[in-house]
Each structure stands twice: as structure tokens, then as C-alpha cells.
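I opened this model to look up two topics, a pocket and the pairing of strands. My notes follow in the order in which I made them.

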Amino acid sequence: MAVRFFKKGIRALGIAECFRKRESRKSVLAGVVMRADLLLDGFSFSVATVGGLDATEAVLRLYRRLGRKDVNIIMLNGCVISWYNVVDLNEVHEETGKPLICVTYEPSPGLEKYFREYFPADWEERLAIYERNGPRTPIRLRTGHEVYIRAIGMDEDEAKKVLDKFTLHGSIPEPLRLARLLARAVLSSLGELSEASLSPGPARPRP
């Protein structure tokens with residue numbers, strides 16, 4: 001699928017997450033659909049297990065819940081989320097049919113050490129998914145900030161053009177920035193939201 005960079009209406013789905021280390025059993029994933037003219041055009045949610053192996057399905061569930069065929073590209077705020085829960089980027093690309101850009105912001109010596117230390121029972125599975133995702137490539141955005149990307153279904157030059165379209169300042173593209181804020185807001189409100197009931201309340205007398 002060709003991404004038409006000149007279109008103002010190109011839509012990106014940015015996905016980011018939030019959880020509280022040592023407190024959360026689940027992390028909240030938020031997805032924000034945004035046009036290249038920065039019009040917010042939809043959102044969706046899902047959850048993943050902290051320390052689990054269900055991050056890929058959580059991303060796919062969020063995408064399917066949108067029910068949108070007009071999303072042109074998916075952006076992920078990292079492929080290792082929810083405390084070493086690894087997203088299989090190639091599976092997300094294959095299942096959705098959308099090109100994908102995974103963005104991170106710091107250099108890393110690798111994660112095998114942490115997979116082995118924290119997950120002795122399944123570290124090899126986590127590492128295999130992580131290695132299938134391929135190496136990261138540093139690119140410099142038009143804002144002057146450097147980020148590290150994995151591009152699936154598109155080349156790195158195309159990915160840079162897309163990120164430049166959606167990055168106003170700093171290093172975080174707007175769909176990912178807003179998705180992260182939304183995930184954080186939902187997580188902080190979960191206690192109160194869980195008290196809300198969708199079942200019918202007591203019948204009110206008619207006036």
C-alpha cells in the first residue's frame with residue numbers, strides 16, 4: 001500500500017500505553033486516529049498484561065475495535081511495552097495490512113539480559129519476537145531531534161516523511177503524544193470509572 005504523503009487527509013493511528021510499575025496487573029493502551037492536518041478523528045482502547053506475552057493481541061484488538069478502514073499507517077510508541085511484553089511488529093503489519101512505524105527515543109544495548117533475568121521461563125520466546133522486529137535505525141526529524149525507528153511495510157525515507165508530517169516540536173509525533181496522555185488519563189481514572197454501572201438504575205417516577 002502506498003502512503004500518499006501529500007494528502008492532508010492521511011490518517012495515522014498512534015498507539016501508546018501507561019501502567020504503574022509494581023501496582024498494575026494490566027496496562028492501558030490508547031489509540032488515537034489523527035489526520036496529517038492534526039485533526040483528531042477517533043480513538044480506541046485495550047489492555048495488556050504487565051509482564052505478559054499478549055501485547056501483540058492487545059494492539060490488534062485496539063485496531064479492530066476501531067472498525068476503520070481509512071487508517072493509512074500505524075505508529076507505535078515502542079515495541080516492548082507493559083514491562084517487557086513484546087509486540088510482534090510483523091504480525092501487526094500482516095494482520096492489519098497497514099505500514100507501521102515503531103518509534104523509540106533512547107539508544108539501547110539490547111534487552112536479552114533483562115529477558116533472561118526477569119522471565120527465566122519464557123525469555124527465549126520474548127527474545128525471538130524482539131529479534132524478529134529487526135534493528136532500529138536512527139533518524140533526525142525536521143525538529144532537529146533524533147529518534148530510533150523500525151519501519152515495516154515502508155522504507156525509512158517514507159517513514160521519516162510521515163513522522164515529519166506529524167511532529168510539531170520535540171521528538172514525539174502528535175498521535176503518540178496524545179495517545180500517551182489519553183492512556184495516562186484513563187489509568188488515573190480507573191478506580192472511579194469502575195464504580196460506574198451500565199445496568200439500569202431504579203425507575204424514576206414520571207413527572
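I began with the largest pocket of this predicted model and read its space as about 610 Å³. I then listed the 22 residues that line the largest pocket and noted those closest to its centre: Asn77, Gly78, Val80, Ile81 and Thr104.

I next asked which strands each supply at least two residues of this lining. They are strand 1 (11-18), strand 5 (80-81) and strand 7 (100-104). Strand 1 gives the largest share, with 3 residues. I also sorted the lining of the largest pocket by residue class and entered 13 nonpolar, 5 polar and 4 charged residues.

From the pocket I followed strand 7 to its pairing with strand 9. The two strands run in the antiparallel sense and are paired over 5 bridges. I recorded that Cys102 stands opposite Arg150 in strand 9.

I then examined the pairing of strand 9 with strand 8 (residues 137-140), which is also in the antiparallel sense, over 4 bridges. Here Pro138 stands opposite Tyr148 of strand 9. Strand 8 and strand 9 form a hairpin, and I noted 5 residues between them. In the turn, Gly144 has a positive phi of about 95°.

Finally, I asked why strand 9 (residues 146-152) is largely enclosed by the rest of the structure. I took buried to mean under 20% relative accessible area. By that cut-off 5 of the 7 residues of strand 9 are buried, so I entered the strand as largely enclosed.

Terms used. Residues numbered from 1 in each chain as written. Predicted model: local features only at pLDDT ≥ 70, side-chain atom pairs only at ≥ 80, totals over all residues. Heavy atoms only, no water. 1 Å grid on protein atoms, 1.4 Å probe; cavity = no way out; pocket = protein on both sides within 12 Å on 5 of 7 lines; lining within 4 Å. Points joined across faces, edges and corners; volume = space filled by probe spheres on them. Nonpolar A, V, L, I, M, F, W, Y, C, P; charged D, E, K, R; others polar. Buried < 20%, exposed > 50% of the residue type's maximum accessible area, 1.4 Å probe, protein only. Pairing = 2+ DSSP bridges.
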